[in-house]
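Okay, hi everyone, thanks for squeezing me in. I'll put the structure up first, and then we'll walk through a few spots together.

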Amino acid sequence: MRGVVQGVGFRPFVYALARELGLSGWVKNTAHGVVIEAEGPRRALEEFQRGLVERAPALARVASVAVESVRPSGRAGFQVLASPSAGERQAVVPPDAAMCSDCRREVLDPSDRHHLYPFTNCTACGPRFTIVRGVPYDRRRTTMSRFPMCTDCEREYHDPADRRFHAQPTACPRCGPRAWLADRRGRPLGLPWAEGFARLVREGRIVAVKGLGGFHLACDALNPSAVAELRRRKGRPFKPLAVMARDLDAVRCFCRVSPAEEQLLLSPEAPIVVLEQRPEAATQLSGLAPGLRSLGVMLPYTPLHLLLFQEGFTLLVMTSGNEPDAPLVKDNTAALAELRPLADAFLLHDRQIYQRCDDSVVRAVDGAPQLYRRARGHVPRGVELPGPPAIGVAAVAAGFKAVGSAEVGGGAGAGGAAGVHACDASEGSAGAAASTAIPAAGPLRAPPPVLAVGGELKNTFCLTRGSTAFLSQHIGDLASLENEAFFRQSLARLQRFLAVKPGAVAYDLHPGYLSTRLAAELLGLEVDAIAGGAATPDPSAHRVRALSGPRGLLGVGVQHHHAHLCSCLADNGFPGPAVGVMADGTGYGLDGRVWGLEVLGGDLGGFSRLYHLEYLPLVGGEAAVREPLRLAVGCLAQFAPDGGLEWLLGRHPGRAAEIQVWWSMARSGVNSPLASSCGRLFDAASALLGVCLLNTYEAQAASELGEVAWPDVEDAYPVVVEEGGGTEGPKAWDTPPPAHPAAEPAACAGGPRASQREGVADPGRSSAPPAPTQGAGAAGSAPGLSPSPGRILAGPIVLSLWEDVRAGVPPGLAAARFHNAVAVAMVEAARRAAEACGVDRVALSGGSFQNPLLLARVRRGLEAAGLKPLLHRQVPANDGGLSLGQAAAAHALLRGGA
């Protein structure tokens, strides 16, 4: 049996099931998974086989079961055998699991030997991934190996009828790890740790608490002065702070909790769940999430956390213990050095954390969970990659014809750093990339393992083994040497756990990403040889290709938004083809511009850019990302050149000189690169409404705009979706590549259709596609005239919003109309693209879909249009899921199924 079947109580479950059915035999952990030999009556064996899957422990994830008949040995009884120490490793390291109800009961029971013990666990809960050094998962391969078990723990550990049977982290006060309270210099304070913690926190102090996967910074969440001091020390004036509540009743005192949200809070993953604050609690919570109506809340997931709340607290801040742009601190010595400026005292323990792992973050949208950060409780659980497309599909037929624009809204809203290589590769000098021949046809074959290095922000990496993709824990933004070291260390360890040596590296095409530079380093090539879009004949289409470097690894570049599309497809186990609506802040476009609201048609092998948001000027380049007011100035300079400047000067008199300079820059194009970014459009709207003029954390302006919007408004600003046109030449994948073909990709079947009525596109009618011209390309579609993509015009939306602002419309109403307009535009562009491509599935991905109002509106609008939305389920829609998309694209290419 393969899957997550070690460290989750699977062997004692097998033992009990076999005894129940009167079977004899044995069970053991191996490097491949769990192996069972059972003998007995045929009917009992059949029931046993069904029960292994249907009755498996809650934490188990059975991926596959292989069964074969053997000659009965006549063995008496059923045994649990010791694990072998050798063999190729194929087992899966289990995720950490939150404290179970049985352990909670024991910790609070004065008569139990685990009473008040902060490291109580069993086979159903406790540390796993964060303490494992190797597989198979046994105590000697964990950081618990330094704690010899006492007589009582050893008896439970070896008793197949006990729930701590082979619970590798099992411990008690006599033999296990211990906790203590220390001052800033690491000197023990001589107080019982829970009592001392409570005394300090009641005094308004900040305590660094060592938990399961790293340190938290804790203070009383209901003490405004303590919260303000924590913000000051951490340099975090507005970014929301996560909190931990005593229990579910305490959560309900401050937030609304739906059944789906309750299930998430109480799940073994125990993530931070983003909840809606109760209006009556807003004053008490005002310092925790300024400008937001939501709050990230989790429940105590270890006995240590549980015991902190026995001292009378209701709500504690539990924010990540790290400095800005640095990874989570996990070691005592590092904490005393790095967190000393932030904490007044330290709650330490001596159970080593081998793998740091932050808290996962999730939100329920329309009753379904949407991961924002995938870490503790989820990592390193695998994601199964989809097989090849069920049917062969050709590229989008060329010959779009410019047909003007149509108004469709206005009514009801639509529902190369130096260092040790993490991957072993033969040494070689950097050189030019060479195309690698990957047969375009023939039987599928087992591809080499793929390393996908992810993006720059919210980074994760991904390793494939067979058809399973394993994402790393949340690494964070690759903006520091510390996070780069975290990336490399985590990669080396996951490679060792999975026993894989990557044969290919997948990466983003952005030449400035550190992850892309790391990929170039591993390949032995210069960044310029593997990144950018200059080698793409047509910037509106892309086919995934492989190149080889001097170190023997294959390189697979995947455009940012195509990776988002592939991530959503893989998340849903669907290879495509599909339409994808990709909405985020920044992605390197094939035309060298910033992309960010893209409607694509494609699959794992490639895509065609069918529609995009009208380009907006980023006044000052990267500075515009930090200052949304620059975006507002740029938009009005573009769409309201006659009256926009005077209005801005009157609205912001203290910034007149800056605004005049920005206006000139936007009008002249000086230092104002163009972006089709959904995130930047939201920034501009937020600034125009006066909601947020400065992003002190990523997506602050967009987040605050979403929470200002009135949720029940159906009104929308007018929307214009303009069809494309032009004669840019054949699509990239419609002509033979200059060297060996990698694999013929599939995008959308059939050709685009657009009816004409006096130069205006009619979204309700269609006609036959244009006749193909002579000389069909390699993909078998008509190369003909390849048009520029259609556009979602930003001007009508921005000008309508501006008109509402000038008319004094409440910001909540205007923000709602803006959200609805963007949703209407996305749905209409997706509907047209789906009709043109002959598909009915629409994948939604990108960080902008972390906006619950936008996601719900687009999903409902697609369903109303008869389309099937694909939403993320196992990985985030943001860049935290990007590595899965890169891995899926590379895996499909290398197996010959793209």
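Let's start with two strands, S28 and S29, the second covering residues 606–613: they pair in the antiparallel sense, with six bridges between them. Keep in mind as we go that this is a predicted model. To get from S28 to S29, the chain goes through a hairpin of two residues. If you want one spot to find on screen, look for glycine 601, which sits opposite serine 608 in S29.

Now, that glycine turns up again with another partner. Strand S27, residues 578–588, also pairs with S28 in the antiparallel sense, this time over eight bridges. Over here, valine 579 is the residue standing opposite glycine 601. S27 and S28 form a hairpin too, with five residues between the strands, and in that hairpin glycine 592 has a positive phi near 80°.

There's one more pairing to show you. S28 runs parallel to strand S31, residues 674–677, and the two share three bridges. Check valine 594 here: across from it in S31 is alanine 675.

So is S28 enclosed or not enclosed by the rest of the structure? Well, it spans residues 594–603, and nine of those ten residues are buried, so the strand is largely enclosed by the rest of the structure.

Okay, let's jump to a helix. H5 covers residues 193–202, and it's mostly covered, with seven of its ten residues buried. Which ones are buried in H5? They are Trp193, Ala194, Gly196, Phe197, Ala198, Leu200 and Val201. And what's covering them? The cover includes strands S6 (179–182), S7 (207–210), S8 (215–220), S13 (315–320) and S14 (345–349), along with helix H10 (303–308). Just past the end of H5, have a look at glycine 204, which takes a positive phi of about 90°.

Last stop, a single residue. Glutamine 886 is part of helix H25, which runs over residues 882–894. Is glutamine 886 buried or exposed? Its relative accessibility is 0%, and buried means under 20%, so glutamine 886 counts as buried. And which residues is glutamine 886 in contact with, if we skip its neighbours within four places in sequence? You'll find Ala452, Val453 and Gly454, then Ala506, Tyr507 and Asp508, and also Val558 and Ala563.

That's my tour, thanks for listening!

Note on methods. Residues numbered from 1 in each chain as written. Predicted model: local features only at pLDDT ≥ 70, side-chain atom pairs only at ≥ 80, totals over all residues. Heavy atoms only, no water. Helix = DSSP H or I, 4+ residues; strand = E, 2+ residues; numbered from the N terminus. Buried < 20%, exposed > 50% of the residue type's maximum accessible area, 1.4 Å probe, protein only. Contact = heavy atoms within 4.5 Å. Pairing = 2+ DSSP bridges.
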